[in-house]
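Biologist: Could you show me the model, and may I ask about the labels you attach to it?

Modeller: Gladly; let's take them in turn.

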Amino acid sequence: MHFLDLRTKRFNSFLQGLPAIGFVVSPDRKWIAYTEYPTRYLWKCRLDGSDRVQLTHSTAEMEQWSPDSKSLVFSDWSKLYLISADGGVPERLTRRNESGGEVAPTWSPDGQSIYFNDFPWPDQPFA
């Protein structure tokens, strides 16, 4: 990962150049969740890069922390899953039979709902 220093207008390495596609900071500001490149597995670590923990062994992208920082929702570009911030088996959130693109999940402020976009695969009806 890298960041742009707005004072110097220079890019700098962040977390020793951690190979991540995307990352989000937990609401409690203690953790970063990120999709590791090239595996696309979900990981978390402290803000300083310590205590790295692999959360999934399958594709996980567009991760978002729950408002209480206790879990994450993510997409595998087809379905949505929920996983504890401590790890474990991801729980599939939807049970629809259509194969589609459930992507871009986000939590409601109260943590009681998850909103997402649904993009069907080519030749599939939009639901």
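**Labels and the reasons behind them**

Modeller: To begin with a side chain, Tyr81 is buried, with a relative accessible area of 19%. Please keep in mind that this is a predicted model.

Biologist: Why is Tyr81 called buried?

Modeller: Buried means under 20% relative accessible area, and Tyr81 has 19%, so the label applies. Phe74 has 1%, so Phe74 is buried by that cut-off too.

Biologist: What makes Phe74 and Tyr81 a stacked pair?

Modeller: Their ring centres are 5.5 Å apart, within the 6.5 Å limit, so they count as a pair. The planes are 20 degrees apart, under the 30 degrees required, and therefore the pair is stacked. A search of the whole structure finds one aromatic pair.

Biologist: And Leu4, why is it partly exposed?

Modeller: The relative accessible area of Leu4 is 41%, which falls between 20% and 50%, so partly exposed is the right term. Leu4 is found in strand 1 (residues 2–5), and together with Leu6 and Phe11 makes a nonpolar surface patch of about 360 Å².

Biologist: How do you know that strand 5 and strand 6 pair?

Modeller: Pairing takes at least two bridges, and two join these strands, so they qualify. They run antiparallel, and Lys44 has Val53 in strand 6 as its bridge partner.

Biologist: What does Lys44 lie over?

Modeller: Lys44 lies over the face of Trp31, at 3.9 Å from the ring centre.

Conventions: Residues are numbered from 1 along each chain as its sequence is written. This is a predicted model: local features need pLDDT of at least 70, side-chain atom pairs count only at pLDDT 80 or more; totals for chains, interfaces and linings use all residues. Side-chain values use heavy atoms; hydrogens and water are left out. Helices (H or I, at least four residues) and strands (E, at least two) are DSSP runs, numbered from the N terminus. Rings of Phe, Tyr and Trp (its six-membered ring) pair if their centres lie within 6.5 Å; planes under 30 degrees apart count as stacked, over 60 as edge-to-face and the rest as tilted. Buried means under 20% relative accessible area, exposed over 50%, partly exposed in between (1.4 Å probe, protein chains only). A charge sits over a ring if NZ of Lys or CZ of Arg is within 6 Å of the ring centre and within 35 degrees of the ring normal. Patches are made of residues with over 30% relative accessible area and no salt bridge: like charges are joined within 9 Å, nonpolar side chains (Val, Leu, Ile, Met, Phe, Trp, Tyr) within 5 Å. Accessible areas come from the Shrake-Rupley method with a 1.4 Å probe; for residues, only the protein chains shown count as cover. A salt bridge is a side-chain nitrogen of Lys or Arg within 4 Å of a carboxyl oxygen of Asp or Glu.
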